[in-house]
Amino acid sequence: MDLKQNQITLGELLKNPGARALLTRRFPKQMRRLPPAGPAQTVTLEQLLAFLKPYVPEKILRDTLAELKQLP
């Protein structure tokens, strides 16, 4: 999957079933809190990673990025 140098939006990621499943599996609490539409959909992957960094181990973030890149 082309992550557009981490500038892909959350809305774009969630349109991909594989990316949606991966993000839901890795970050279940955060994904449940996400509204189905609205401003959260325009957050970039870079912004999301910066937000999660204090709460999620670096290895999980790196592994998630690597898996997202492998998706079609």
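Start with the largest pocket, which has a volume of about 250 Å³. Keep in mind as you look around that this is a predicted model. Thirteen is the number to picture for the lining: 13 residues surround the largest pocket, and Leu10, Gln30, Leu34, Leu48 and Phe51 are the ones nearest its centre. Two helices, H3 (28–33) and H4 (45–52), each put at least two residues into that lining. H4 is the biggest giver here, with four residues. As for the chemistry, the lining of the largest pocket is made up of ten nonpolar, two polar and one charged residues.

How far can you trust what you see? The protein chain has an average pLDDT of 92, and 100% of the residues score at least 70. Confidence does vary along the chain: H3 is where it is lowest, with a mean of 84, while helix H5 (residues 58–70) is where it is highest, at 97. So when you look at the pocket again, remember that H3, one of the helices in its lining, is also the element with the lowest confidence.

Now move to the inside of the protein. In soluble globular proteins, nonpolar side chains tend to be buried together. Here the largest nonpolar core has 19 residues, and the ones with the most contacts inside it are Leu3, Leu13, Leu23, Phe27, Leu45 and Leu68. Helices H1 (10–15), H2 (17–26), H4 and H5 each give two or more residues to this core. H4 gives the most to this core too, with four residues.

Leu45 is a good place to pause. Leaving aside residues up to four places away in sequence, Leu45 touches Leu3, Asn6, Ile8, Leu13, Leu65 and Leu68. Three of those names, Leu3, Leu13 and Leu68, are also on the list of core residues with the most contacts.

Leu45 turns up again at an enclosed space. How many cavities of 30 Å³ or more are there? The count comes to one. The largest cavity holds about 40 Å³ of space. Around it you'll find Leu23, Phe27, Leu45, Leu48, Leu49, Leu52, Leu61, Thr64, Leu65 and Leu68. H4 and H5 each supply at least two residues of this lining. By class, the cavity lining has nine nonpolar residues, one polar residue and no charged ones. Leu48 is worth a second glance, since this residue lines the cavity and is also among the residues nearest the centre of the largest pocket.

Next, compare a pair of residues. Thr24 sits in helix H2, and Gln41 is in the loop between H3 and H4. They are 17 residues apart in sequence and 15 Å apart in space, C-alpha to C-alpha. Is Gln41 buried or exposed? Gln41 is buried, because its relative accessible area is 17%, under the 20% cut-off. Thr24 counts as partly exposed because its relative accessibility is 38%. Among residues more than four places away in sequence, Gln41 touches Thr9, Leu10, Gly11, Leu14, Pro35 and Pro36.

Finish in the segment before H1, where Gln5 and Asn6 are found. Gln5 has a phi near 55 degrees, a positive value in a residue other than glycine. Asn6 is not a glycine either, yet has a positive phi of about 65 degrees. Gln5 is exposed, because its relative accessible area is 75%. Asn6, for its part, is one of the residues that Leu45 touches.

Conventions
Residues numbered from 1 in each chain as written. Predicted model: local features only at pLDDT ≥ 70, side-chain atom pairs only at ≥ 80, totals over all residues. Heavy atoms only, no water. 1 Å grid on protein atoms, 1.4 Å probe; cavity = no way out; pocket = protein on both sides within 12 Å on 5 of 7 lines; lining within 4 Å. Points joined across faces, edges and corners; volume = space filled by probe spheres on them. Nonpolar A, V, L, I, M, F, W, Y, C, P; charged D, E, K, R; others polar. pLDDT = per-residue confidence, 0-100. Core = buried A, V, L, I, M, F, W, Y, C linked by side-chain atoms within 4.5 Å. Buried < 20%, exposed > 50% of the residue type's maximum accessible area, 1.4 Å probe, protein only. Contact = heavy atoms within 4.5 Å.
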